[in-house]
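Open your viewer and keep the selection tool handy. This tour goes stop by stop, telling you what to pick next and what you will find there.

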Amino acid sequence: MASEAGLSAPDTKLSPDTVDQELAPYAASTAEWVGLSQGQLIWRRFRRSRMALIGMVVLIILYIGMLFCEFFSPYLLNTRFTDNIFEPPTLPRWVDAEGQFHLRPFIYKYDRKVNRETLEMTYTADTSKMYPIYFFVQGEPYKLWGIIATNIHLYGINDKKVPIFIWGSDRQGRDLFTRCLYGSRVSLTIGLVGVFLTIIFGTTLGVTSGYFGGRIDDFVQRFSELLMSIPQIPLWMALAAIVPVTWPPLRVYFGITIILSFLSWGGLARQLRSKTLSLREEGYTLAAKAGGGSDWWVISRHLIPNNASHIIVVATLAVPSMILAETALSFLGLGIRAPMTSWGVLLEEAQNVKTIVLNPWLLIPAFLVILTVLGYNFLGDGLRDAVDPYTR
Amino acid sequence: MIPIQPVSQDDQMVIEVKDLAVHFAVFQGRVPAVNGVSFTIERGKTLGVVGESGCGKSVTGLSIMHLLPTPPAELVGGEIIFHRLSTGEVIDITKLSPQSAEMRSIRGNDIAMIFQEPMTSMTPAYTIGEQIMEAVILHQKVNKREARQRAVEMLDRVGMPQPGRNVDSYPHQLSGGMLQRAMIAAALSCQPSLLIADEPTTALDVTTAAQILDLMGQLQDEMGMAIMHVSHNLGVVAEVANEVAVMYLGRIVERSSVDDLFYNPKHPYTRGLMHSIPQIGQRQRLEPIRGVVPEPDAIPKGCAFAPRCPLFSPATCPPIVPPSVTVGPGHEVLCYRYDS
């Protein structure tokens, strides 16, 4: 800048003030990120990716729904309306049959007719009586998180004989929306718990294998290759068969989680091993040793933190495959069993052509799976770009 | 058992290296990286170690830290006697296991090291303050707050501007010179009695390098530590060292006081090095050393410098390693051309 100014107007000397003025825009553009912590810088880059933000918001909504599922659902997991099996979704209405607008949403009751020849059930809305929807209604009592006893549900109708199934009902007359919310408890957490275990297995084994090398390295790598070379579904089936039928559902859940994470640490371990192979040659590893650090000190204080961004991204991208694996296992009838519910268990009921033709709403859990998986993938993509300091 | 003798306060010796030999196992066989190196450093003194790449300078430094990667490196022989002032013991470092608690308590505490590349020797994941605190927390019974206090003090002493603020900077936010200062602060935070500086100014520009060398000299005067200054830059060594050891292919070929070495070099290799430095104001052709450093698996028997030596003659130089000849007070040369 200074030399250009000097060329065009050789007589004008640059005073410190002019230099300050010329540098001012530069200072302003850098000043906003100077002195920010690593986390703040990552958040800044992350915010720029719209899809990642959408993914994050969708996931937050799903997880809030999961946390307060008893409150958001109008019924309990096993509340049955025996007269209302396979009822199609009842959408809240604002305009009644006469074309009048009502501020408070309402529903019409469905009347069931069974065709004598085909046994096909048809539901028609009975427009004679409106059932208004109220919020924070009293319903069946429950204990939120097993602690807070209450009976308040987010929405419902006062006539307890008439059900409100916004996503329809299943073959036992249970509310699909309620069941999806309860099912997310398993489906959304199995990914997190499983990935947590995967990270512990993968990080310890991968980093130690890369750091020490030699025989430890050979053993860990060959073992992970062995695990990865076995076809997945037969292996799942074999391992799921180990889980005793007599186990309570909660223990089955943890059994399945451990099985899934035990099978999936291989990829992470290999990536971290190769990163560690290069990191252990870095000057700071030697410097830490020269400072008197033990092997464990170097691994825990220097190698794992420097791998952290990679671990976070891999973890985010691994959650969906965990969720899909659980869904697949439950779909095959090998995973979670009733009375516990997961999206895979719900989809097991939608396993035939009849469902797809006659009761397509039973496939809603599949869309929830897709939504979650996409959410995690976008979030992971955004995070990967955000934690890489070399992206602009 | 490790022989332990008491160190008295008036013991001036810090480290004695005797006949150190380190071999590297490589694909072609075994390569001697260090072959019978001996030297001593006294308290408050600086030994400059010069030589070209691959002559064993850094390996000697890492041997003292007991940080050689084994394999491929292998300690074949020799002793490294360290006079540990903090506990009053005389320890042979080669007898300790590299990962033993005792060796770890020496590293970073009694013997510290400064590395060549300040940019890669700092973990990018931590602030420099946390990295200075690391050695303090590992070795001294202080809590985090005191350690941080110490880090700020050290940064102040090494001339870091705004130490209270820069203690929270990440390595990428500082320049190479600043990082080298931070690294010196980290190395000196436990007041070591021996500092191994492995080409500490190579990655820096000359102005910054001069500042860093000044700083090291100042801190040495204050703390009285011994420094082993490894460098391939004769100018740097002339500036900082009291005594110089010239290494060629794993051996110290000449060792003398710094003035003797520069004004009265004896070994043909040292002379060759002096002649290959351009002198300001003299318009003469530079006289290079003939030939190239032999491949590590083709080191000649006897005097390793023989194939390149202008004074070599088969009559005077038999194919046996030449003995060390004392040519003056504290001046030793590994050459057949001199008589004691």
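Which residues does A:Leu188 touch, not counting residues up to four places away in sequence? Select A:Leu188 and you will find A:Leu62, A:Tyr63, A:Met66 and A:Thr372 in contact with it, where a contact means C-beta atoms, placed from the backbone, within 7 Å of each other.

**Before going further**

This is a predicted model, in which local features need pLDDT of at least 70 and side-chain atom pairs count only at pLDDT 80 or more, while totals for chains, interfaces and linings use all residues. Residues are numbered from 1 along each chain as its sequence is written, and chains are lettered from A and ligands numbered from 1 in the order in which they are written.

**Stop 1: around A:Leu188**

Extend the selection to helix H6 of chain A, residues 176-212, the element that holds A:Leu188. Helices here are DSSP runs of H or I with at least four residues, strands are runs of E with at least two, and both are numbered from the N terminus. A:Leu188 is buried, as 22 other C-beta atoms lie within 10 Å; the cut-offs are 20 or more such neighbours for buried, 12 or fewer for exposed, and partly exposed in between. Now add A:Pro320: its C-alpha is 9.2 Å from that of A:Leu188, although 132 residues separate the two in sequence.

**Stop 2: a helix pair in chain A**

A:Pro320 belongs to H11(A), at its contact with H14(A), so select both helices, residues 295-331 for H11(A) and residues 364-387 for H14(A). How do they pack? Their angle is about 170° and their axes are 8 Å apart, with axes fitted to C-alpha atoms over the stretch in contact and angles running from 0 to 180 degrees between N-to-C directions. That makes H11(A) roughly antiparallel to H14(A), a label for angles over 145 degrees.

To see the contact itself, show side chains. Among the H11(A) residues taking part are A:Ile312, A:Val313, A:Thr316 and A:Leu317, and the H14(A) residues include A:Thr372, A:Val373, A:Tyr376 and A:Arg384. Colour the contact by class and you get 13 nonpolar, six polar and one charged residue. Here Ala, Val, Leu, Ile, Met, Phe, Trp, Tyr, Cys and Pro count as nonpolar, Asp, Glu, Lys and Arg as charged, and the others, Gly among them, as polar.

**Stop 3: where the chains meet**

Show both chains. The contact takes 15 residues from chain A and 21 residues from chain B. On the chain A side, H10(A) (283-290) and H11(A) are the elements that give two or more residues, and H10(A) gives the most, with six. By class, this side of chain A has five nonpolar, seven polar and three charged residues. The model scores ipTM 0.71 and pTM 0.67.

**Stop 4: helix H3 of chain B**

Move to chain B, which has 10 helices and 12 strands, with 42% of its 340 residues buried. Select H3(B), residues 128-139: its 12 residues reach 18 Å from first C-alpha to last, close to the expected 16 Å, a span taken as 1.5 Å times one less than the number of residues. Of these 12 residues, 10 are buried, including B:Ile132, B:Met133 and B:Leu138. Add helices H2 (101-106), H4 (144-157) and H6 (176-188) of chain B to see what the buried residues pack against.

**Stop 5: two positive phi values**

Most residues other than glycine have a negative phi. B:Asp19, in strand E1 (residues 13-26) of chain B, has a positive phi of about 50°. B:Gln191, in the loop between H6 and strand E7 (194-198) of chain B, has a phi near 55°. B:Asp19 counts as partly exposed, with 13 C-beta neighbours inside 10 Å, and B:Gln191 is also partly exposed, with 16.

**Last stop: confidence**

Colour by pLDDT, the predictor's confidence in each residue from 0 to 100. Chain A averages 77, with 89% of the residues scoring at least 70. Its lowest mean is 43, in helix H1 (residues 2-8), and its highest is 87, in helix H4 (residues 50-67). Chain B averages 82, with 96% of the residues at 70 or above. Over residues 1-6 of chain B the pLDDT is below 50, and this stretch has nine contacts beyond near neighbours in sequence.

Notes:
Two residues are in contact if their C-beta atoms, placed from the backbone, lie within 7 Å. Angles under 35 degrees count as roughly parallel, over 145 as roughly antiparallel, 65 to 115 as roughly perpendicular and the rest as oblique.
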